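Colleague: Please give me a close look at one helix pair in this model and the loop that joins it. Start with the chain as a whole, so that I can place the pair in its setting.

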Amino acid sequence: MELYLQRRETAIGYTAEKYGARLNALSLGLVQNEATAEECVNDTYLQAWQSIPPNEPRTYLYPYLARITRHISLNCCRYRRQLKRSAQIQTLSRELEQCLRAPEDTATQVDAHLLAQSISAFLRALPEQKRLVFLRRYWFLDSIEDIAARFGLHSGQVKTMLFRCRKALRAYLEKEGYTL
């Protein structure tokens, strides 16, 4: 982080060495093309270079970079019209729409920060396996089959777990005062 703040270009090299493989795997899971994933990760390094400072993600550099990578990769999917991948993103979005309201107006957009905090609190309260399955599906956009293989579960178990998590998230958010 100090290298970024001192504006030393070696910061990018160290970042690539430490986080490059994980960022590439994240992007590859979204864009399904190695060259495109590498391009997205390189764009991540550029955006990180441009945004640090003023941002100083000292204690959360990887999540900061992962968020940038994810946004760049999703934008790349949209621009390149990868219909198969786009269809999966739309399917996952429909699944989460049962729990979350889309930001349609200014009041909803202002409320987004509080909503994010509520969702984070809900996820922290989940048992580790359920939390990781939820994140693998809705953050990393892994397929049901990939998640099942990763956790040694059957795909039906993963589907049931995700359904119950979405249902619990909806109930939690309603209890927090969100109208869905």
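Modeller: A helix here is a DSSP run of H or I at least four residues long, a strand is a run of E of at least two, and numbering goes from the N terminus. On that basis this predicted model has ten helices and zero strands. In sequence order the pattern reads α-α-α-α-α-α-α-α-α-α. The chain has 180 residues, of which 38% are buried. Its accessible surface is about 11,200 Å², with 52% of that belonging to carbon and sulfur atoms. Of the contacts between residues at least 6 apart in sequence, 67% join residues at least 24 apart.

The interior comes next. The largest nonpolar core holds 23 residues, and the members that touch the most others are Tyr4, Tyr19, Leu23, Val31, Ile52 and Leu65. Helices H2 (10–31), H3 (34–51) and H4 (61–80) are the elements that each give two or more residues to this core. H4 contributes the most, with nine residues. Another core, of 20 residues, lies apart from this largest one, and its members include Leu123, Ile147, Val158 and Met161. Back in the largest core, which has Tyr4 as a member, Tyr4 contacts Ala11, Ile12, Thr15, Ala48, Trp49, Ile52 and Pro53, leaving aside neighbours within four places in sequence.

Now the pair itself, H8 (128–138) and H9 (144–151). Their axes are 10 Å apart and the packing angle is about 150°. The cut-off for roughly antiparallel is over 145 degrees, so H8 counts as roughly antiparallel to H9. The crossing of H8 and H9 is right-handed. On the H8 side, the residues in contact are Gln129, Leu132, Val133, Arg136 and Arg137. They meet Ile144, Ile147, Arg150 and Phe151 of H9. Ile147 thus appears twice, as a contact residue of H9 and among the members of the 20-residue core.

The loop between H8 and H9 contains Asp142. Buried means under 20% relative accessible area, and Asp142 has 12%, so this loop residue counts as buried. Asp142 also lies 7.0 Å from Gly29, C-alpha to C-alpha, although the two are 113 residues apart in sequence. Gly29 falls within the range of H2 (10–31), a helix that gives two or more residues to the largest core.

Terms used
Residues numbered from 1 in each chain as written. Predicted model: local features only at pLDDT ≥ 70, side-chain atom pairs only at ≥ 80, totals over all residues. Heavy atoms only, no water. Core = buried A, V, L, I, M, F, W, Y, C linked by side-chain atoms within 4.5 Å. Buried < 20%, exposed > 50% of the residue type's maximum accessible area, 1.4 Å probe, protein only. Contact = heavy atoms within 4.5 Å. Areas by Shrake-Rupley, 256 points an atom, 1.4 Å probe, with all protein chains shown as cover. Axes fitted to C-alpha atoms, helices over the stretch in contact; angles between N-to-C directions. Parallel < 35°, antiparallel > 145°, perpendicular 65-115°, else oblique. Left-handed = near helix turned anticlockwise from the far one by under 90°.
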